[in-house]
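Thanks for coming, everyone. Please have the sequence and the model open as I talk.

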Amino acid sequence: DEGKHYIDFKIFPPSSSLDNLRSPIYSDDHVRDGRFEFIAKETGTFMYCFKDVVHSNKKMIAFTFNNGQEKPVLDQVAKHSQLDILGSTVMSVAHQASQVKFRLAENGYRSEFGVNVLKSANSRVRLWSRMQIGLVFALAALQVMFLQKMFQSKTKSSIIRV
């Protein structure tokens, strides 16, 4: 059961390709869950690689990507030192609202994962219950057959002795 829910995770820079993988800009092994951030030093298409540590298990990966474009437009209009208290507060509230939106989306993915786990467990319990019911009926039929044979042999032996 060790490593059942773990993955390896790597991010490669845009200068990497499938034929020529450079060293990753981020790498983490045996990750169960977590969060990380990095500031891209180059533009382009980054490669995200997920590796299943234990290949026999199905895994659901909730991956949320934020490219930083959701920051308020006020960042482009004025520097923090040029904003008054109200402007700084508005920027702070806007940033916090985007963080709440991000957390809500992440919680939605986690709850969907939990529902899938419960459905899987429920189907296994249902299968096991059906197998037990079949076993109980088979044992009941064997007991009835055994009792019938036992009573038939006693009646035959009592008839012969008379």
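**A quick walk through the model**

Let's start at one residue. L21 is partly exposed, because its relative accessible area is 45%, and partly exposed means between 20% and 50%. Keep in mind that this is a predicted model. L21 sits in the loop between β1 and β2. Strand β2 covers residues 26–31. What does L21 touch, not counting residues up to four places away in sequence? It touches F12, S16 and M47. Take M47. L21 and M47 are 26 residues apart in sequence. In space, their C-alpha atoms are 9.7 Å apart.

Now step back to the whole chain. How many helices and strands does it have? There are two helices and three strands. From the N terminus on, the order is β-β-β-α-α. The protein chain has 162 residues, and buried residues make up 11% of them. Its accessible surface comes to about 13,700 Å². Carbon and sulfur atoms hold 59% of that surface. Next, contacts. Consider those in the chain with a separation of 6 or more. Of these, 58% are between residues 24 or more positions apart.

On to the segment before β1. Y6 lies there. Is Y6 buried, exposed or partly exposed? Its relative accessible area is 27%, so Y6 counts as partly exposed. Y6 and H30 are 24 residues apart in sequence. Their C-alpha atoms are 4.9 Å apart in space.

H30 comes up again with our next residue, D8, as one of its contacts. D8 is in strand β1, which runs over residues 7–12. Leave aside its neighbours within four places in sequence. D8 is then in contact with D28, D29, H30, C49, F50, K51 and V53. D8 is buried, yet it has no salt bridge. Which side chain of opposite charge is nearest to D8? That is K51, 4.4 Å away. Why is this pair not a salt bridge? A salt bridge needs the side-chain nitrogen within 4 Å of the carboxyl oxygen, so at 4.4 Å the pair of D8 and K51 does not count.

F50, one of the D8 contacts, also belongs to a ring cluster. Ring pairs link F9, Y26 and F50. How many aromatic pairs turn up in the whole structure? The search finds two.

Back to charges. The structure holds one salt bridge. The side chains of R110 and E106 meet in a salt bridge, at 3.8 Å from N to O. Both residues are in helix α2. They are four residues apart there, so about one helical turn separates them. How do the two partners sit relative to the surface? R110 counts as partly exposed, because its relative accessibility is 43%. E106 counts as buried, because its relative accessibility is 14%.

Last stop, further along the chain. Helix α2 covers residues 85–161, and L142 is in it. L142 has a relative accessibility of 51%, so it counts as exposed. L142 also helps make a nonpolar surface patch. Which residues make this patch? They are L135, L139, L142 and M145. The patch is about 410 Å².

To recap. D8 is buried without a salt bridge. R110 and E106 do form one. And L142 is part of a nonpolar surface patch. That's my tour.

How values were computed: Residues numbered from 1 in each chain as written. Predicted model: local features only at pLDDT ≥ 70, side-chain atom pairs only at ≥ 80, totals over all residues. Heavy atoms only, no water. Patch = residues over 30% accessible without salt bridge, like charges linked within 9 Å, V, L, I, M, F, W, Y side chains within 5 Å. Areas by Shrake-Rupley, 256 points an atom, 1.4 Å probe, with all protein chains shown as cover. Buried < 20%, exposed > 50% of the residue type's maximum accessible area, 1.4 Å probe, protein only. Lys, Arg positive; Asp, Glu negative; His and termini not counted. Contact = heavy atoms within 4.5 Å. Phe/Tyr/Trp six-rings, centres within 6.5 Å; stacked < 30°, edge-to-face > 60°.
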